[in-house]
Structures are given as structure tokens and as C-alpha cells.
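Dear colleague,

I am passing on the structure below, and my notes on it follow directly after. Please read them with the model open beside you.

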Amino acid sequence: MPELPEVEVVRRGLERWVAHRTVADAEVLHPRAVRRHIAGADDFTHRLKGHRFGVPSRRGKYLWLPLEDMHQSVLAHLGMSGQLLVQPHEAPAEKHLRIRVRFADALGTELRFVDQRTFGGLSLHENTPDGLPDVIAHIARDPLDPLFDDEAFHQALRRKRTTVKRALLNQSLISGVGNIYADEALWRSRLHYDRPTATFTRPRTFELLGHVRDVMNAALAVGGTSFDSLYVNVNGESGYFDRSLDAYGREGLPCKRCGTPMRRRPWMNRSSYFCPKCQRPPRAAS
Ligand SMILES: [Zn+2]
């Protein structure tokens, strides 16, 4: 699944190439790509036609294109392999092209949703008063959101009987942090993933949030160079950031801080990568 920085790169690409353009017509080439749009493909295309996209928004890993003056948005589910491409009309259809949106202007490009594994899709939803698609109203703000409340996050950590990595992946506490960036931020913070949060001090929480933001901004800085092209996409991997990872995927390799071989442990059907020396397990778990 793409994480926040990858989704933000796509959002910027859409802002550059799709915002403020009016839909001439949309075409659904595979019904699975609109299965979250309960009223079906015909309703989806009918409701888009003639409306103008506003500036694309994002919260955590969720990305949407508002329809201007409609209080509705097209929510993009990128799934495992979903891509949003802006292509010239004449570019041949991709093998896994699922949805095509043409515009009523002379720019010569169209928006395409391409998805090999068809876990993703597009759907149209009513907005909440905050301008969020209603189906994601429960998703917390992400740490790059200027309105994210660090103090409220700290209080929530203290209240919850949870451990730090579970908290980072809990989308109702903080959104946009996935497995990769959680491991990276925990390594930078020298925190073991199973550390209980109930005893966290305010400085510890704020330091952790600082590392979460740093690692995301670093990924954005690397990915941010690719969005200023006609081709915007998410391929489900954080490929462009792989070389900068300090923890994730580095089992057996020396810790970049102390040289101790990094470890991998199964964790909630995924893996956690950590340095056994810099990130000591809590006493109860060791
Ligand atoms: Zn280490």
C-alpha cells in the first residue's frame, strides 16, 4: 500500500495537471474499479459529467478530488497497484486501464485510472461540512496537517492501553503512518515497537512526532522531484525512497548508528525491523 508521501506526490501531480478542469465525460472500462460507488458505473459517469474538479486534497493515505460547487468528491482508492496517470489522448490505452476521464478543454490530456490487481478504484461521495468525503470522516488528521494537535495526540497515547507502533498505525489517532515509516520513525526515536505508550512523557511523544514528520518530509523531498512531469503515478511501492531507509527491510544489515545487525520480527501479519541495541524491548516483552 502506498503511504502518505507517495500519495502526496500523486496529489501534487493532480493539482498541477487536473485541478480546475471540467469533465467532458468519463468511461468505466471495468466494473470492479467503481464497486465502491454503490449506485454503479452509469451513475458514476453521469454524475461526473460537466463538473469541474477543485484542488485535490489528502488526509493520511486518502486522496480525493472535490467537485466544485457540489459538496461531493471523487475518492481514489489506490489499493495495491492503482495508478492515476495524466496522459495525452493519443497515448495507447494501458493494459490495465480501468477508468478514463476526458476534459472539456484543449489541453490534450486525460486522466486515467490504471490498476493491474483491481483492488483499487474511484467512488463519488458526499462531503462532510469539513469538506471530507463522508466515508473517511473518522480518519484522524495526519502529522503533516497544520491542524494536527500534538498535545491531543500525547493525551490519547497516555489514555490508551496500547503500544507505540500500534498507536502509530491507528488511523483514528494519527493517519498516514504505515509500516515502513513507523519502523523508520521508531528507529530514529530509539524506541522498540512494543513499548507501552501509557508512560510516555510529553518530550518523548513530541520527539517521536518530530521523527515521523522528518522521515515523511525526507521521502517527500525525494519523491517531489518526479511529480512535475506529465506522468503521475503510485505503484504501491515506496521505490524512490528505498535507498534512504534506515530500518525497514534491513534485516541482518548493520544498524547505521551502532553497527549491530538489525532484526526482523513478525508483527500483526507484517514485519517490524529494529536494532536490538538502540531499540531495547520493554521489560515485560523481553
Ligand atoms: Zn543500533
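The side chain of Glu-184 reaches the backbone nitrogen of Asp-246 at 2.7 Å, and a polar atom of that Glu-184 side chain also lies 2.7 Å from the backbone nitrogen of Tyr-248. This is a predicted model, in which local features need pLDDT (the predictor's confidence in each residue, from 0 to 100) of at least 70, side-chain atom pairs count only at pLDDT 80 or more, and totals for chains, interfaces and linings use all residues. Residues are numbered from 1 along each chain as its sequence is written, and side-chain values use heavy atoms, with hydrogens and water left out.

Glu-184 is placed in helix α5, residues 179-189 (helices being DSSP runs of H or I of at least four residues, and strands runs of E of at least two, numbered from the N terminus). Glu-184 is buried (under 20% relative accessible area with a 1.4 Å probe, protein chains only) and yet has no salt bridge (a side-chain nitrogen of Lys or Arg within 4 Å of a carboxyl oxygen of Asp or Glu), the nearest side chain of opposite charge being Arg-188, 5.2 Å away. Apart from neighbours within four places in sequence, Glu-184 is in contact (heavy atoms within 4.5 Å) with residues including Val-215, Ser-244 and Leu-245.

As for confidence, the protein chain averages a pLDDT of 89, and 91% of the residues score at least 70. Over residues 224-240, however, pLDDT stays under 50, and the model has 51 contacts beyond four places in sequence for that stretch.

With best regards

Key: Buried means under 20% relative accessible area, exposed over 50%, partly exposed in between (1.4 Å probe, protein chains only). Lys and Arg count as positive and Asp and Glu as negative; His and the chain ends are not counted. A polar contact is a pair of N or O atoms within 3.5 Å; within protein, one must be able to donate a hydrogen and the other to accept it, and residues adjacent in sequence count only if both atoms are side-chain atoms.
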